[in-house]
Amino acid sequence: MNFLRPVILRAVFCGSRGPPAGATLTPCAFYSSVLSGVQERTLVALKPDGVQRRLVGDVIKRFEQRGFKLVGMKLLQASEVILAEHYHDLRRKPFYSSLIRYMASGPVVVMVWEGHNVVRSSRLMVGDTDSAQAKPGTVRGDFSVHISRNVIHASDSVEVAEREIGLWFHVSELVSWDNADQSNLYQV
């Protein structure tokens, strides 16, 4: 039942019934504050095949619809130096050299997403590395064509996410922001 708790909280605090008695926050702001202590960040990168196939918007839409918050994004041609550091744990694998060449072959879009349990949820959304094993509804299940052209990368743990975010982004490139209070959205 714990997995239902955020859904129930959202329904109670962001629904039509309003905030709890005596609350000075809007319903959705109150709900956000309830979960604010459990936020984490993850790195998600669209690989050259994902960028070339113009899947950036589709991927962003999936993460936004899931309720995650985009706090950093770049389009860049990755250097072999940064790629070697990013994939350092694979350096002894037979496919390492071709992976680095491929990742340097075209632009990538790297993003930092924030939210409750975002690392684990992102991995589930991305799907299995092998496109033949990736389930429909996952990014790789819907868009990947081959294990070596699997569209997307997502950090696999909170610790790895912190390391990868630090590798791709300077702290000044990440934006902390809160959802706009809907009642004040159009006031001038």
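This briefing walks through the salt bridges, a strand and its partners, an annotated histidine and a pocket.

Welcome to the structure, which is a predicted model. Five salt bridges are found in it, and three residues, Arg41, Lys69 and Glu114, are joined into one network by bridges with shared partners. Strand β1 is a good place to start looking, with six of its eight residues buried. From there you can move on to His153 in strand β4, a residue that carries the "active site" annotation in an unreviewed UniProt entry.

**The salt-bridge network**

- Some background helps here: side chains with opposite charges can pair when their charged atoms come close.
- Arg41 and Glu114 form a salt bridge through their side chains, with an N to O distance of 2.8 Å. This pair links distant parts of the chain, since Arg41 sits in strand β1 (residues 39-46) and Glu114 in strand β3 (residues 108-116), 73 residues apart.
- Glu114 also forms a salt bridge with Lys69, where the closest N and O atoms are 3.3 Å apart. Here too distant parts of the chain are linked: Lys69 belongs to strand β2 (residues 69-76), Glu114 to strand β3, and the two are 45 residues apart.
- Salt bridges that share partners thus bring Arg41, Lys69 and Glu114 into one network.
- How covered are these residues? Glu114 counts as buried because its relative accessibility is 13%, under the 20% cut-off. Lys69 is also buried, at 16%, whereas Arg41 is partly exposed, with a relative accessible area of 24%.

**A salt bridge between two helices**

- Arg62 and Asp142 form another of the salt bridges, with their closest N and O atoms 2.6 Å apart. Arg62 lies in helix α4 (residues 56-65) and Asp142 in helix α8 (residues 139-143), so that the pair links distant parts of the chain, 80 residues apart.
- Both ends count as partly exposed: Arg62 has a relative accessibility of 22%, and Asp142 has a relative accessible area of 35%.

**Strand β1 and its partners**

- Strand β1 is mostly covered, with six of its eight residues buried.
- Eight bridges join β1 to β3, and these two strands run antiparallel. Within this pairing, Gln39 stands opposite His116 in β3.
- Strand β4 (residues 152-154) is joined to β1 by three bridges, and this pair runs antiparallel as well. Ala45 has His153 of β4 as its bridge partner.
- As general background, side chains in a regular strand alternate between the two faces of the sheet.

**His153, the annotated residue**

- According to the unreviewed UniProt entry, the annotation "active site" covers His153.
- Is His153 buried or exposed? His153 is buried, with a relative accessible area of 12%.
- Leaving aside residues up to four places away in sequence, His153 touches Leu43, Val44, Ala45, Lys47, His86, Arg140 and Glu164.

**The second largest pocket**

- A rolling probe the size of a water molecule shows where empty space is left over the atoms.
- The second largest pocket has a volume of about 580 Å³.
- Its lining is made up of 24 residues, and those nearest the centre of the pocket are Lys47, Tyr87, Leu90, Leu99 and Thr129.
- Helix α6 (96-103), strand β4 and helix α9 (158-168) each supply at least two residues of that lining.

How values were computed. Residues are numbered from 1 along each chain as its sequence is written. This is a predicted model: local features need pLDDT of at least 70, side-chain atom pairs count only at pLDDT 80 or more; totals for chains, interfaces and linings use all residues. Side-chain values use heavy atoms; hydrogens and water are left out. A salt bridge is a side-chain nitrogen of Lys or Arg within 4 Å of a carboxyl oxygen of Asp or Glu. Helices (H or I, at least four residues) and strands (E, at least two) are DSSP runs, numbered from the N terminus. Buried means under 20% relative accessible area, exposed over 50%, partly exposed in between (1.4 Å probe, protein chains only). Two strands pair if DSSP finds at least two bridges between them. UniProt positions are given in the numbering used here, feature names are shortened, and annotations may be inferred rather than shown by experiment. Contact means heavy atoms within 4.5 Å. On a 1 Å grid over the protein atoms alone, a cavity is a set of points where a 1.4 Å probe fits but cannot get out, and a pocket is an open set with protein on both sides within 12 Å along at least five of seven lines; lining residues have an atom within 4 Å of a point. Grid points are joined across faces, edges and corners, and a volume is the space filled by probe spheres set on the points.
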